[in-house]
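Q: Hi! Could you walk me through this model with me? I'll jump around a bit, if that's fine.

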Amino acid sequence: MRYVTFSTTTNPTHRVGVLVPLGNAPGAHTHVVDLSAAFEADGGAPLTGGMRGLLASLDTALPRTRTAASSGQYRTEFSAATLHAPISDPEKIICVGMNYFDHCAEIGVAVPKEPVLFTKFASSITGPGCPIPLDEELVKELDFEVELCIVIGKKGRHIRPEEALDHIAGWTVAHDVSARD
């Protein structure tokens, strides 16, 4: 399932949804099912805490999500939805730097033997298509890279490699923007 955070002109609050096709057209997502509304109406526990709330309760929320997605209710046309960052308030953002051979060669550094980790602030997150503020008096060397963002949905420690995927809630695209100067 492809979960999204979205709003509409008639309901500007951020809502949690799932993309669904109309009919049997795989990959042609034409509608967003409003899970926030569906969970409020189905008699179960309401969806609180946005996308993080959904991921935290995914074991019980998944059957409800499937029911809502197949019900034909709570649908908004995709073209009428504004997508936002899936999770705008992550607990933490951990990045791995220097993890592409070509990038290391481009900037003239050796490929590190150990992962180079750094963090980002949640305030650096924007939604799809949102402008990225730039102060042209301060920044002359703007660099950007498309990154794979792995969303961890289940806590763990000392996780065996064969169990690692059990802790991943999903993937999304991130655009890492840095001021090199």
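Q: Let's go straight to Cys95: buried or exposed?
A: Cys95 is buried, with a relative accessibility of 16%. Here buried means under 20% relative accessible area, exposed means over 50%, and partly exposed is in between, using a 1.4 Å probe and protein chains only. One thing to keep in mind is that this is a predicted model: local features need pLDDT of at least 70, side-chain atom pairs count only at pLDDT 80 or more, and totals for chains, interfaces and linings use all residues. Residues are numbered from 1 along each chain as its sequence is written, and side-chain values use heavy atoms, with hydrogens and water left out.

Q: Why is Cys95 not bonded to Cys149?
A: The two sulfurs are too far apart for a bond: the one in Cys149 is the closest cysteine sulfur to that of Cys95, and the distance is 8.2 Å. A disulfide needs a pair of cysteine sulfur atoms within 2.5 Å.

Q: And how does Cys149 look from its own side?
A: Cys149 is in no disulfide either, and its nearest cysteine sulfur is that of Cys95. Cys149 is partly exposed, at 28% relative accessible area.

Q: How many disulfides are there in the whole structure?
A: The count is 0.

Q: Where is Cys130, then?
A: Cys130 sits in the loop between strand 7 (116–120) and strand 8 (142–152). Helices (H or I, at least four residues) and strands (E, at least two) are DSSP runs, numbered from the N terminus. With 38% relative accessibility, Cys130 is partly exposed. Its C-alpha is 22 Å from that of Asp34, and the two residues are 96 apart along the chain.

Q: Let me zoom out. How many helices and strands does the chain have?
A: It has 4 helices and 9 strands. In sequence order they run β-β-β-α-α-α-β-β-β-α-β-β-β.

Q: What about the overall dimensions, and how much is buried?
A: Along the principal axes, the C-alpha atoms fill a box of roughly 55 × 45 × 30 Å. Of the 181 residues in the chain, 28% are buried.

Q: New topic: what is the volume of the second largest pocket?
A: The volume is about 480 Å³. Of its 18 lining residues, Met1, Arg2, Tyr3, Gly170 and Trp171 are the closest to the centre. A pocket, on a 1 Å grid over the protein atoms alone, is an open set of points where a 1.4 Å probe fits, with protein on both sides within 12 Å along at least five of seven lines; lining residues have an atom within 4 Å of a point. Grid points are joined across faces, edges and corners, and the volume is the space filled by probe spheres set on the points.

Q: Which elements supply that lining?
A: At least two residues each come from strand 1 (2–7), helix 2 (50–56), helix 3 (58–71) and strand 9 (168–179). Strand 9 gives the largest share, with 5 residues.

Q: And what is the lining like by class?
A: There are 14 nonpolar, 2 polar and 2 charged residues. Ala, Val, Leu, Ile, Met, Phe, Trp, Tyr, Cys and Pro count as nonpolar, Asp, Glu, Lys and Arg as charged, and the others, Gly among them, as polar.

Q: Which residue lies over the face of Phe39?
A: That's Arg64, at 4.0 Å from the ring centre. For a charge to sit over a ring, NZ of Lys or CZ of Arg must be within 6 Å of the ring centre and within 35 degrees of the ring normal.

Q: Back to the backbone. What is the phi of Met98?
A: Met98 has a positive phi of about 55°, although it is not a glycine. Most residues other than glycine have a negative phi. Met98 lies in the loop between strand 6 (93–97) and helix 4 (101–107), and is partly exposed at 23% relative accessibility.

Q: What about His158?
A: His158 also isn't a glycine, and its phi is positive at about 55°. His158 belongs to the loop between strand 8 and strand 9, where it is exposed at 73% relative accessible area.

Q: Last one: where is Ala37?
A: Ala37 is in helix 1 (residues 35–41) and is buried, at 19% relative accessibility. Val16 is 21 residues away in sequence, with a C-alpha to C-alpha distance of 8.8 Å.
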